[in-house]
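Hi,

Here is the structure I promised to pass on. Have a look at it first, and my notes on what turned up follow below.

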Amino acid sequence: MSEMKNIKNLKEFSTSADRFEGANLLCPGCAHSIIVREVLNATNDDLILSAATGCLEVCTAVYPYTSWDASWIHIGFENASTAIAGAEAMHKALKRKGRLKQERDPKFVAFGGDGATYDIGFQWLSGCFERGHNMMYVCLDNEVYANTGGQRSSSTPIGASATTSPAGRVSYGEKMNKKDMLAIMAAHGAPYVAQVAPNKWKDMIKKIQTGFAANGPVYINAMSACTTEWKFLPEDTIAISDMATDSLVFPLYEIIDGTKLNITYRPKTVVPVEEYLAAQGRFKHLFKDEYKYLIKEWQERVDAKWDYLQRREEASV
Amino acid sequence: MQKSGWSEFEIGAMLRSFEGATNNIAITHQEDRPYSKSNSFTASVADWRIVKPVFNKEYCIDCQFCWIYCPDISIISRDKKMIGIDMDHCKGCGICVEVCPTNPKSLLMFPEQQDEEAALSEWPAKEKKEN
Amino acid sequence: MADTMELRDIEVWDGNMAAAQALRQVQVDVVAAYPITPSTPVVENYANFLANGYIDGEFVMVESEHAAMSGCIGASAAGGRVATATSAQGYALMVETLYQASGMRLPIILNVINRALASPLNVNGDHSDMYLGRDSGWIQFDAYNPQQAYDLNFVAFKVAEDHDVRLPVMVHQDGFMTSHTAQGVKTLSDEVAFNFVGEFQPMNDMLDLDHPVTHGVQTEEDWHFEHKARQHNDLMTKVFPKIQAAFDAYEALTGRKYNIVECYDMDDAEVAVVCMGTSVETAVEVAKEQRAKGIKAGVVGIRVIRPWPFEQIAQAFQGCKAIAALDRSSPNGAPGMLYNELAGTLYNAATRAVLTGYVYGLGGRDLTKSLLNQIYADLVANAAAGKPTTALQQLIGVRGPKLEFL
């Protein structure tokens, strides 16, 4: 393993030379590219990347342009994990056979949206983790099929209005609770699983570097506030992200070796979930009188999860 | 880019990020990279903007919040200093202005057509903290 | 370094073992695979080679056929020799990725042990899966016995990895009839086999860290057509010369001659059967018996299904008066793949032979000699009449009232 990049503070981090380029076609204010930049800039090692079909893919490799300064592959919606696993296997084979062109060990990173990760690519991802490839899988979790115009995924939270679970005269929108991907990936016995948010860049970098140093498959669930589908102004991406982490709707934690859970961020002042919901158009309908009970339930669910995480941490399990 | 005919490109629709060999790209800044014409760095999304950020160096403390949170690699920082905005790649989202902590802000949004000198001349004064 | 395996000049191998041995001998860098009947033994045999020190590449046992081909694509794009095997339902699950592999011009070798597609579920050999992939942009070779399954794998790697080709290749063999039928197979030594194919020469490889590449881009109406046109052009113009050169080189090495279209007793044939897989060998035997009775009978076996050998087919039937196209896959509402391709090929050709079609052998049902004798009897009547004396399409070897259409 090569030396870890030393990033003491933001000024030092800002000397990084990005390997992700502008004039990609992501929406103004898109959190995906903030996350991608933080992940890629966390290391100076060579990178081999893959992406699942989705916003990131269709916006960064539209012929005749690529926005990637490291080798990158996209196959389909469901198999970004297996694509990078295949490349990792080839690296292993060529290294054993002495046929690598350069004697360097790149990091293998796959990106997928929550649709690609929680839903259609779930089996492929599980297979890769069971087999223990040396790879990092980063889920850009914006809780919706944003690339195709806002359909629900199994990451869409209760009460969000998505185009296939719209709020209407007799519906409050999405009925199912969000799938707990971190628990599922940790249950694979992965050496490192973590939830990150781009607004907490230092926490993010630390986790990405821990992931890069781990031996085996690493799962990173990256909260990606979506200006288009969550319905907030593009300049508010970081403000909304702050509300998400500070309301504990997106708690930041890590699970080591499938068991040991550490909370990595404790907000000084916890923001009420109601404020987080109120800031986004996708939850607008919840503020009608008949649905206000859902906001209360939201708060209870977030509190219960936070309580659970704290008990896990305390018990060191 | 000019649209070429079927016989004029690489098989498999493969694109190269750079012309010729590169190494240490992770520590080579944009101005020193041999970008290929297929690298989106060579393209522009300037026409997406209806508003643009203007940078006022006078108030900047080089905190680099704008650099870390810019989705479009459009905050140019070198040697720990914020030195300007890449107007070919800025889409005008306004995040840099929102996260700028100085008082007054060192970055503000103006209409795309606004003259930069004029924008700087009408920069707001330091705001007094309420209560 | 992997151990060398000492082989006898002739080994008793079934088609699965023949394919697995070929993969071992060319020192594939990554095999990503998932087992499915009847191709499972290809993967099992390979796993055994690995377990006994004969393989130093990576063997990735994935969780589905879709993942198998996905892993192969990632590995191939990374830059090395890649192969796998599958059948039927697994092949169907792979279909999405077949197009992606060929569209990215990745030289992956896929051994397809042909099997019927459900429903109803069936594990036996017919050509439904082979037909399913015919527009996927792959090169398709068809082996009629274990020896050919062995030989054609070497040719497949040599053609696929050629930088002027860079297209994936399927090597087909009939499920059970070839895959599980042990026959004498003339072998090559490990060294000779590997040297025929040679060291893998990477191209546009992701693992060339100093030359980053982007694979699997998005193209819409402004670019997509040109890329597909390029691939089609290369299939139409670049592949056959390379296949012929590889066949010639293989003949020089082994004495075993392969042709893009295999003609048996066709020089003066007036009636001919066209088929694929194990049926070719049966048909050749029946044609000889017909010849003994004074009938100028011949057989044409399709060796290269894609790209379709248009010119070689037109050439093969000069002087022929009646032709039967034998399709081992239900056309489900159409005349049949071989029938249609032959009709399209011969329509403007010099020959004006009468062309009729037969659907046979679905789900592994035997193609008996008596069925073939009946086909030749039909052809003789068609040749004499100068027009079809039967329906254009007959289903043969199926129980119940006679089925014929068109």
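I started with the contact between chain A and chain C, which takes 44 residues from chain A and 49 residues from chain C. Keep in mind that this is a predicted model. About 3,600 Å² is buried between chain A and chain C, with carbon and sulfur atoms giving 57% of that area.

There is plenty of polar detail to look at too. Nine salt bridges cross the interface of chain A and chain C. If you want one to click on, try R104(A) and D210(C), whose side chains meet in a salt bridge at 2.8 Å, N to O. Between these two chains I also get 25 residue pairs in polar contact, counting pairs with both residues at pLDDT 80 or more.

So what does chain A put into this? On the side of chain A that touches chain C, at least two residues each come from α3 (55-60), β2 (71-73), α4 (80-97) and α6 (122-131) of chain A. The most comes from α4(A), with 12 residues. By residue type, that side of chain A splits into 21 nonpolar, 12 polar and 11 charged.

One bit I'd zoom in on is the strand pairing across the chains. β2(A) is joined by two bridges to strand β9 (residues 213-215) of chain C, and the two strands run parallel. Within that pairing, W72(A) stands opposite T214(C) in β9(C).

Next, chain C itself. Its domain assignment gives domain 1 (10-254) and domain 2 (261-405), and the C-alpha centres of these two domains of chain C lie 28 Å apart. Where they touch, 30 residues of domain 1 of chain C are in contact with 29 residues of domain 2 of chain C. The area buried between the two domains of chain C is about 2,300 Å², and carbon and sulfur atoms give 58% of it. Of the area that domain 1 of chain C buries against domain 2 of chain C, 35% is supplied by Y131(C), Y144(C) and F240(C), more than any other three residues.

How many salt bridges does the rule find across the interface of domain 1 and domain 2 of chain C? Zero. There are, however, 15 residue pairs in polar contact between these domains of chain C (both at pLDDT 80 or more). Elements supplying at least two residues each to the domain 1 side include α5 (128-132), α6 (146-160) and α9 (239-254) of chain C. The residues on that side of domain 1 of chain C divide into 15 nonpolar, 10 polar and five charged.

Cheers

Methods
Residues numbered from 1 in each chain as written. Chains lettered and ligands numbered in written order. Predicted model: local features only at pLDDT ≥ 70, side-chain atom pairs only at ≥ 80, totals over all residues. Heavy atoms only, no water. Contact = heavy atoms within 4.5 Å. Buried area = accessible area lost by both parts, 1.4 Å probe. Salt bridge = Lys/Arg side-chain N within 4 Å of Asp/Glu carboxyl O. Polar contact = N/O pair within 3.5 Å; in protein donor to acceptor, adjacent residues only side chain to side chain. Helix = DSSP H or I, 4+ residues; strand = E, 2+ residues; numbered from the N terminus. Nonpolar A, V, L, I, M, F, W, Y, C, P; charged D, E, K, R; others polar. Pairing = 2+ DSSP bridges. Domains from an automatic or database assignment.
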